[in-house]
Amino acid sequence: MSVATRTAHDGLTLPLIGLGTYGLNDADGVAAMLSAIESGYRLIDTAVNYGNEESVGEVIRRSPVPREDLIIATKLPGRHHGFDETMASFDESRRRLGVDRIDLYLIHWPNPSVNRYVDSWQAMIELAGDGLVGSIGVCNFTQPMLERLGSTTGVLPSVNQVELHPYFSQGPLRDFHEAHGILTQAWSPLGRKSDLLENSVLADIARSHGVSVTQVVLRWHVQQGIVAIPKSSDAQRQQQNLAVFDFELADEDMARIAELERGRIWGADPDTHEEM
Ligand SMILES: NC(=O)c1ccc[n+]([C@@H]2O[C@H](COP(=O)([O-])OP(=O)(O)OC[C@H]3O[C@@H](n4cnc5c(N)ncnc54)[C@H](OP(=O)(O)O)[C@@H]3O)[C@@H](O)[C@H]2O)c1
């Protein structure tokens with residue numbers, strides 16, 4: 001299975017499909033992540049707040065694929081914002097993951113009321129400069145927040161991971177990313193906890209291509225250069241989610257999907273949402 005890639009302004013190259021790991025914990029989670037690697041996944045997305053960095057560490061040690069071929073992303077939680085707090089949190093993540101270096105380190109939520117994400121960003125710039133982190137990025141940042149990082153530190157994130165699926169396509173933010181070499185990553189790409197996978201328009205398009213609805217949704221992401229990180233605990237569904245590089249959605253399909261726009265599923269607006 002050949003998975004297309006995209007490259008950010010700092011040279012970070014990501015496969016357009018990675019593995020989400022929220023809910024993949026302990027022995028079952030380890031088995032699920034190993035099966036994903038066997039199917040061809042190379043990007044593994046974890047976070048302190050998923051409580052599974054140790055499981056990801058076990059996966060790295062047991063992986064049939066060498067460490068240098070895996071891209072491990074983890075995230076700084078809101079309760080650790082601040083320069084020194086970020087440094088300490090990073091060390092804890094490294095210890096739990098059992099690695100010297102983290103490939104992609106992300107701020108999980110901006111928590112603007114705390115107003116310390118710039119301090120964390122400065123710490124992350126230092127970690128990258130010291131070679132302890134491959135690339136640095138953020139999640140759930142708005143355009144003004146990205147601009148603030150750029151204007152205060154001169155360094156823009158390589159990645160912004162945001163809620164993104166056919167119900168919430170994030171057009172204006174993606175345009176900003178494109179203009180600045182920031183890779184757009186989609187969380188909940190399959191619209192978890194919504195009726196997206198039962199949508200009749202998507203079902204119709206899926207039938208016409210002889211693929212599943214999830215494949216239409218993920219093809220919609222990758223065809224627009226978005227890195228999607230679907231989570232699945234099942235080996236067959238993982239394989240299905242990766243198999244989206246041998247068919248193409250027509251302009252007409254894309255136009256029909258564009259009409260599905262509704263807004264956020266989760267209601268988690270980064271300007272107000274707090275997550276510690
Ligand atoms: N940065 C952030 O703030 C943030 C927020 C949320 C999520 N994330 C990241 O994004 C990842 C993905 O988001 P998500 O886990 O919320 O949701 P998602 O990937 O949109 O959906 C996952 C759900 O879809 C099911 N599924 C997967 N493949 C399927 C298939 N082929 N057919 C039918 N059902 C399928 C899964 O069930 P099975 O497991 O049973 O297959 C699971 O219930 C997370 O795991 C996490 O890594 C980040």
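Which pocket does the ligand take up? In this predicted model, the space taken by the ligand is the largest pocket. The volume of this largest pocket is about 620 Å³. Its lining consists of 27 residues, and those nearest the centre of the pocket are Y22, W187, S188, R192 and W266. Sorted by class, the lining of the largest pocket comprises twelve nonpolar, ten polar and five charged residues.

The shell around the ligand was examined separately from the pocket lining. There are 27 residues around the ligand, and D45, R192, K231, S232 and R237 come nearest to the ligand. By class, this shell holds ten nonpolar, twelve polar and five charged residues. Helix α9, which spans residues 235-242, supplies three residues, the largest share of the shell. R192 appears in both descriptions: R192 is among the residues nearest the pocket centre, and R192 is also among those that come nearest to the ligand.

Polar atoms of the protein lie opposite both oxygen and nitrogen atoms of the ligand. A polar side-chain atom of N140 is 3.0 Å from a ligand oxygen atom. In the case of T21, a polar backbone atom lies 3.2 Å from an oxygen atom of the ligand. The side chain of Q240 has an N or O atom at 3.1 Å from a nitrogen atom of the ligand. Taken alone, the ligand exposes 910 Å², of which the protein buries 84%.

Notes:
Residues numbered from 1 in each chain as written. Predicted model: local features only at pLDDT ≥ 70, side-chain atom pairs only at ≥ 80, totals over all residues. Heavy atoms only, no water. Near = heavy atom within 4 Å. Polar contact = N/O pair within 3.5 Å; in protein donor to acceptor, adjacent residues only side chain to side chain. Areas by Shrake-Rupley, 256 points an atom, 1.4 Å probe, with all protein chains shown as cover. 1 Å grid on protein atoms, 1.4 Å probe; cavity = no way out; pocket = protein on both sides within 12 Å on 5 of 7 lines; lining within 4 Å. Sits in = over half its atoms within 2 Å of the grid points. Helix = DSSP H or I, 4+ residues; strand = E, 2+ residues; numbered from the N terminus. Nonpolar A, V, L, I, M, F, W, Y, C, P; charged D, E, K, R; others polar. Points joined across faces, edges and corners; volume = space filled by probe spheres on them.
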